[in-house]
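This report looks at how two bound ligands sit in one protein chain. Please keep the sequence and the structure in view while reading.

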Amino acid sequence: MNKQIKVAIVGQPNVGKSSLINAMSNAKLHVGNFTGVTVEKKEVFVKSDLFDIKMTDLPGIYALNAYTPEETVAKNFLLNEQYDIILNVVDANVLSRNLMLTLQLLDMHKKMILVVNMIDEIEAKKGSIDAKKLSILLGIPVILTSAKTSQGIDEINKTIIQTYRAKQNDNKIYYTQKVEERIKELTKVLQKSPHFKDKDYARFIAIRLIDKDENVYKIIHDLPIFIEAHNVLEKIYSSLTAELDEDSTVDILSNERVAIAHNLHIETVNIKEESKNLNEKIDNLLIHPILGLPIFLFFMWALFQLTFVLGNYPMNIIGDIFTYTATTLADILPNGTVNSALTQGIIPAISAVVMFLPNILILFFGLNLLEQTGYMSRAAYLMDGFLKRFGLQGKAFVPLVSGFGCTVPAYMAARTLKNPKDRIITMLVLGFMSCGARLPVYILLIGAFFPTHDAGNVLFAIYISGAILGLIFAKILRVVLFKGEPEPFVMEMPPYRLPSYKALYMDLWYKTKMFLKKAGTFIALAALGIWFLSTYPHNSALEKSYEIKIQHTKNIQIKKQLQNELSAKSLEESYMGHIGKFIEPVFKPLGFDWRMSVSVIAGLAAKEVVVSTMATLYSVGNASNTSKGLIQKVRENVSFNSAIALLIIIMIYSPCVAAMSTFYAEIPQWAWRAFYTIYPNVVAWLFAYGVYRLLSAVGH
Amino acid sequence: MKLSQLTIGANAIIQSVDLQEPLKYRFMEIGLRVGTVVQICSKTLTSDNLYLKLDNSSCISINKDEAAHIKILPIDQRDQWAHYGKISDSHDCVYPNCIIEK
Ligand SMILES: Nc1nc2c(ncn2[C@@H]2O[C@H](COP(=O)(O)OP(=O)(O)OP(=O)(O)O)[C@@H](O)[C@H]2O)c(=O)[nH]1
Ligand SMILES: [Mg+2]
């Protein structure tokens with residue numbers, strides 16, 4: 001077995017860490033042009049002849065003093081986990097700021113490689129970076145790369161292996177004399193403890209303590225050396241700040257690093273002063289004080305129009321293919337269990353889900369563009385003032401919009417919010433942002449009850465209503481349960497970038513694969529279960545009595561009617577029928593029949609299951625028209641008022657089990673878990689009931 | 001003068017960032033620190049949020065409330081680059097290899 005080299009990929013946010021790993025391997029890590037895309041560590045393996053390289057992609061961190069929960073993930077990894085090499089990725093466009101972290105990492109005295117990424121953008125500006133000089137000055141290998149053009153990518157592997165084999169060199173950063181004296185003094189004290197016998201490690205801990213690193217302070221707090229170290233540290237805090245006339249030693253160390261970084265920048269970077277570029281011209285329009293928000297809303301509206309209108313064409317074709325398959329199989333296969341399970345259970349269910357794949361992909365395509373171009377941060381900037389009025393902060397915009405795609409990563413994305421109250425409010429209202437899996441239900445119901453030319457607008461209205469409801473609830477939560485102000489907004493605005501077509505394609509392809517896999521496994525199994533429960537037990541007496549009636553009837557119309565009656569009665573007497581009847585009273589006030597009620601409950605597993613269950617139940621209960629489109633069946637079986645109530649339920653009630661378990665994993669408090677589990681369902685029912693009654697009252 | 005009072009398009013040098021920890025340090029890490037040249041590119045309609053350009057390269061956004069705690073010295077374009085020289089010249093600290101050479 002090859003030896004393994006463990007590499008930690010560290011860098012400030014949005015410098016292209018995940019993109020680099022994707023370029024080096026066949027990984028498909030999520031990338032996006034805004035800070036905080038990666039919020040959890042991810043491992044990727046790259047094999048070479050002699051070594052296996054295990055790369056750990058970490059969330060971006062601005063400095064070793066972690067600020068937000070996702071930065072803590074990276075910091076904990078750096079401080080507590082085993083790895084051989086730090087691969088520090090920096091953005092060539094903002095080298096001097098990025099080097100601030102590099103200098104802190106150098107304090108760790110580990111084997112390290114500096115990767116200066118986005119070099120293509122520097123070259124496009126006719127600039128250059130002297131990698132050789134930077135390497136000499138820092139005492140570590142420096143590679144210029146572009147994850148976009150793959151420049152320098154091969155060199156990374158080679159350098160990792162060379163660095164692994166080489167001896168650790170003296171790549172320490174030295175501070176000014178007064179600071180160095182204090183570092184040495186504290187290092188000596190720490191070295192008295194068996195934990196810090198290694199001089200370089202003791203020096204690193206000393207620097208972190210002078211830098212007021214709370215995590216490191218906690219490490220020494222429980223050690224016998226604490227009292228002595230603490231006394232020396234206090235002395236250092238007061239003497240250094242007095243001598244250098246600064247408020248805190250954090251400022252002192254930071255100033256020293258700024259100066260070093262500036263000098264490194266001046267020595268190695270050659271960029272002519274930038275002229276007013278395209279970036280600013282686009283910004284002039286997109287973040288325009290008056291036009292900015294309407295433009296954003298227009299883009300969202302256009303996306304939902306496209307989602308419905310464009311998605312409709314392939315949807316019909318896919319639907320036809322499945323219908324043809326089901327009718328052909330129904331004819332070919334002998335009558336019996338397999339025939340019925342396939343043509344009335346599994347195929348209608350899978351069809352009902354897969355036919356909405358094009359719509360879902362269009363939505364994801366739009367969201368991906370939002371993420372990749374750099375518009376996401378601008379939209380967050382535009383929305384901050386507005387969100388603040390509802391007790392949220394602008395950064396929450398990122399998880400909220402991600403929620404239109406999938407709620408699971410959206411919950412994770414809330415880690416970028418520092419303040420726990422902001423985070424929990426955002427997570428509690430995130431469910432109001434309808435995820436892609438709810439789209440099939442909406443399109444199904446809109447298709448059944450609204451004219452095609454209005455469909456895109458209705459879809460947009462549904463999503464916007466969900467978002468507005470979310471904001472109202474955020475306000476209520478902020479006023480009632482989470483008093484206080486949201487965290488101040490501070491966010492980097494990356495330059496606009498053309499989307500990476502490879503990343504876009506990979507993202508959509510990955511989502512398609514996952515969707516089809518889900519349809520072929522989970523949804524097919526669920527459908528089989530629903531079919532079984534709605535087909536058994538057989539009531540032989542009932543079947544016999546109807547068979548006799550059917551045989552004795554000559555009129556085809558009456559025959560069909562009798563067959564339908566038999567199917568409906570059998571369904572009602574099936575296990576599912578009993579379950580449905582048990583649940584029915586809860587949804588009766590909304591005008592739901594038991595099949596809709598069962599579909600809603602089944603949707604708690606995954607939202608796609610709502611349509612697949614409806615497809616199965618309306619197929620099983622409608623023996624003579626298996627081939628009839630689902631939209632048609634819904635139109636025949638569901639009233640307009642109930643359809644609207646169903647839309648509201650789907651829009652508000654609990655997300656799928658995967659999302660719920662992510663919430664439970666992220667929020668440890670049982671009280672919030674319980675609240676989260678109950679309140680969306682109560683709210684969903686009350687809203688749906690209110691609107692149903694209102695519609696009935698106005699005579700709809 | 002405070003950053004919140006700076007007009008759109010004008011440049012200034014940050015003189016002090018008088019915010020509570022750890023927000024102050026986050027601002028510093030993201031580039032809002034003493035000596036940085038800052039320009040307001042845009043504001044939202046309500047002026048609650050400022051869109052800033054730092055050292056003529058990276059852009060960030062902050063709230064007006066926090067900008068009110070950042071003291072600035074307005075400059076005109078010509079002085080901007082002289083200021084960089086001052087920072088780099090004044091520092092006597094060196095990189096690891098220079099120490100080794102010493
Ligand atoms: N032009 C150019 N763009 C790049 C390069 N590398 C990454 N990008 C783009 O930069 C943005 C950020 O890339 P990511 O890989 O998500 O950055 P990250 O460092 O993993 O970001 P976080 O996970 O948020 O810390 C994306 O829009 C990428 O397409 C590069 O070398 N050149
Ligand atoms: Mg990443």
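In this predicted model, Ser18(A) counts as buried because its relative accessibility is 8%, and the cut-off for that class is under 20%. Thr38(A), at 14% relative accessibility, counts as buried as well. These residues coordinate the magnesium ion (ligand 2), Ser18(A) through OG and Thr38(A) through OG1, at 2.0 to 2.1 Å. Ser18(A) belongs to helix α1 (residues 17–24) of chain A, while Thr38(A) lies in the loop between α1 and β2 (42–47) of chain A, so the pair ties together parts that are 20 residues apart in sequence.

Thr38(A) also has a place in the surroundings of ligand 1, where 25 residues are found and the closest are Lys17(A), Ser19(A), Thr38(A), Asp120(A) and Ala147(A). Some polar contacts of ligand 1 are set out below.

| Atom of ligand 1 | Partner in the protein | Distance |
|---|---|---|
| oxygen | N or O atom in the side chain of Thr38(A) | 2.8 Å |
| oxygen | polar backbone atom of Gly60(A) | 3.3 Å |
| nitrogen | N or O atom in the side chain of Asp120(A) | 2.8 Å |

Taken alone, ligand 1 exposes 660 Å², and the protein buries 97% of that area. Two elements, α1 and α4 (119–124) of chain A, give two or more residues to the shell around ligand 1, and the largest share, three residues, comes from α1(A). Sorted by class, this shell around ligand 1 holds 13 polar residues, seven nonpolar ones and five charged ones.

Terms used: Residues numbered from 1 in each chain as written. Chains lettered and ligands numbered in written order. Predicted model: local features only at pLDDT ≥ 70, side-chain atom pairs only at ≥ 80, totals over all residues. Heavy atoms only, no water. Donors = N, O, S within 2.8 Å, 3.2 Å for Na, K, Ca; no water. Helix = DSSP H or I, 4+ residues; strand = E, 2+ residues; numbered from the N terminus. Buried < 20%, exposed > 50% of the residue type's maximum accessible area, 1.4 Å probe, protein only. Near = heavy atom within 4 Å. Polar contact = N/O pair within 3.5 Å; in protein donor to acceptor, adjacent residues only side chain to side chain. Areas by Shrake-Rupley, 256 points an atom, 1.4 Å probe, with all protein chains shown as cover. Nonpolar A, V, L, I, M, F, W, Y, C, P; charged D, E, K, R; others polar.
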